Amino acid sequence: MVDAVVIGSGPNGLVAANLLVDAGWSVEVLEAQDEPGGAVRSDRGVHPDYVNDLFSSFYPLAAASPVLAGLDLAQEGLRWSHAPHVLAHPLLDGGCALLDRDWRVTAEALDRFSAGDGQAWEDLCHLWDRVGDDLVRALLSPFPPLRAAASLTARLRVAGGLRLARSLILPARRLGEEEFSGEGGRLLLAGNALHADLAPEASGSGGFGWLMSMLGQNHGFPVPVGGAGSLTSALVRRLNSRGGAVHCRNRVTEVVVQQGRAVGVRTAQGEAIPARKAVLADVSAPSLFRELVSPEHLPSRAFDDLKRFQWDFATVKVDWALDRPVPWSNPMVSSAGTVHLAEGVDELTWFASQIAMGRIPDRPFILLGQMTTADATRSPRGTESAWAYTHVPQHVKADAGPNGLTGRWDAHEQELMADRIEEQVERYAPGFRTTIRARRVLGPPALEEADSNLRRGAINGGTAGLHQQLVFRPVPGTGRPEAPISGLYLASASAHPGGGVHGAPGANAARAAIRTSRTFTAVLSHTQRTLALRGRTREAPRG
């Protein structure tokens, strides 16, 4: 019998398993897919000469994560690479908002939109210098983040206190209007907010956009050399070297509960795998509590709350093998790893509003990755391994475009949506489609089939909206990983602090399990000593 079973080998599951073995626990990780990694995988499925990431690609949160830093994955061979520029957002008039790891380069690009916006960017960078590290620690710590919050509170007083707090909860549109005169800085904030499902008018989207922009400014948007799978391989190697194990093709179908405690799992093959101390689930909250745990073990309110659980946007992704670099009209874009494509903040608002109304956007906001630009190992010299994704509604009511898409996302609809994405790229890179050697389209069903946590193509484990964060994630409660069942912990992006490859949900779950086990052991030891002492006291008169 092992001490812990971890369900799912995504980055959070693997981080949790590594921390548990570091604490001396025996651990088995069970993965339904043929290979570990969850949404951190790469392959050569588009073209044998090209490495393409299946899901996530750029990892600013991993670069900033104290959790991953503590695992020292460089010792396992993990290396990071950067594109010359972090991010570019071109416009049809020739303007281009540019994010670079040198704030001066970013500021210079923003000054081209409006004189003085470079200084405004420098001011935001200096603000990050004062509070950024503590803010990241607070966001990634178990809730409530008492130690990190105390340090952050002290720095907030120096940095403006309530004024900064107000800025963090502003919509990205409003924050951009207050800080910048031109469109460039506004685009960086609003575009980065839409890495989650936060529209320019959503409360908190300004703070999230600033967070992502500053992470890019300070850490870049790095990629693992050789593909996203290199990050997973490093986590697995570290786990294996410390006695842990990952078993693929082992889908868990049930969390076994006895007398109110999780005591193991049962797999699709019918195998029962007991766990001495804990079960940690790197699966979505709806999957864990609606599918893996029998209803009689949960309070009725859990089901009422889960009815209100909101998924983030669905996703359509296209992977390309290009026979030459993307022919951007603006040459500045060629050296950026990440590219945002939308004609201004208003078009971002239009895109998000169409999704909110259940309509497939007619002119989708595109997030595009130039992977060979970021890591030369991804494809032959002079070519480009690239991808792009856009979001669509979870539940489609209509198509705002001309194709009459219904949201079935069969092969035909996926190809039509891929054509729409490519048409948007063509606006900024005429001749782009002539560079395509091969492509692969992953619609919402294909994404979910490849990773069941990506429900209908949702990539963040649930909305990043304020109503489902902190103590409201995944449902109103404590914001902690402990489930209503003893010994069961939610370790996925459905838990606080949410999506992104930073490992915090897995780390929080592992540390909660370790802490609970130590407390239980201490109480048991104290009880045994007390009973032994009483026994000796009663026996004393007999002597």
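## Around W121

Let's start with a tryptophan and its surroundings. Setting aside residues up to four places away in sequence, W121 touches L99, W103, T106, A107, L110, F180, L188, S213, M214 and Q217. Please keep in mind that this is a predicted model.

W121 is also one of the residues with the most contacts inside the largest nonpolar core, alongside W128, W210 and L215. That core has 54 residues, and α5 gives the most to it, with 10 residues. A second core, separate from this one, has 37 residues, among them V67, L239, A278 and A513.

## Helix α4

Two of the contacts of W121, T106 and A107, bring us to helix α4, which spans residues 103–111. T106, A107, A109 and L110 are buried there. Seen down the axis of α4, the buried residues fall within an arc of 160 degrees, so they line one face of the helix. As a reminder, an α-helix has 3.6 residues a turn, so residues three or four places apart point the same way.

What covers the buried residues of α4? The cover includes strand β7 (96–99) together with the helices α5 (117–140), α9 (183–193) and α10 (205–219). At the N-terminal end, D102 acts as a cap for α4, with a side-chain oxygen 2.9 Å from the backbone nitrogen of R104.

## L73 and the salt bridges of its loop and of R238

L73 sits in the loop between α3 (66–71) and β5 (80–81). With a relative accessibility of 6%, L73 counts as buried, because the cut-off for that class is under 20%. Apart from neighbours within four places in sequence, L73 is in contact with L78, L231, A234, L235 and R238. Its C-alpha lies 9.3 Å from that of R237, although the two residues are 164 apart in sequence.

R238 forms a salt bridge with D22, where the closest N and O atoms are 3.0 Å apart. R238 belongs to helix α11 (residues 229–241) and D22 to helix α1 (residues 11–22), so the pair ties together parts that are 216 residues apart in sequence. R238 is buried at 5% relative accessible area, while D22 is partly exposed at 39%.

E76 forms a salt bridge with R242, at 3.9 Å between the closest N and O atoms. This pair links the loop between α3 and β5, which holds E76, to the loop between α11 and β9, which holds R242, 166 residues apart. E76 counts as buried at 17% relative accessibility, and R242 as partly exposed at 40%.

## Salt bridges elsewhere

How many salt bridges does a search of the whole structure find? The total is 35. One of them joins the side chains of R173 and E201, at 2.5 Å from N to O. A network of salt bridges links E415, D419, E422, R433 and R439.

## Aromatic pairs

The structure holds eight aromatic pairs. In one of them, W320 and F432 meet edge-to-face, with 4.9 Å centre to centre and 80 degrees between the planes. W320 lies in strand β13 (residues 314–322) and F432 in the loop between α16 (411–428) and β19 (436–442), so the pair ties together parts that are 112 residues apart in sequence. Both W320 and F432 are buried. Elsewhere, ring pairs link F58, W387 and Y389 into a cluster.

Conventions
Residues numbered from 1 in each chain as written. Predicted model: local features only at pLDDT ≥ 70, side-chain atom pairs only at ≥ 80, totals over all residues. Heavy atoms only, no water. Phe/Tyr/Trp six-rings, centres within 6.5 Å; stacked < 30°, edge-to-face > 60°. Helix = DSSP H or I, 4+ residues; strand = E, 2+ residues; numbered from the N terminus. Buried < 20%, exposed > 50% of the residue type's maximum accessible area, 1.4 Å probe, protein only. Arc of directions from axis to C-beta. Contact = heavy atoms within 4.5 Å. Polar contact = N/O pair within 3.5 Å; in protein donor to acceptor, adjacent residues only side chain to side chain. Core = buried A, V, L, I, M, F, W, Y, C linked by side-chain atoms within 4.5 Å. Salt bridge = Lys/Arg side-chain N within 4 Å of Asp/Glu carboxyl O.
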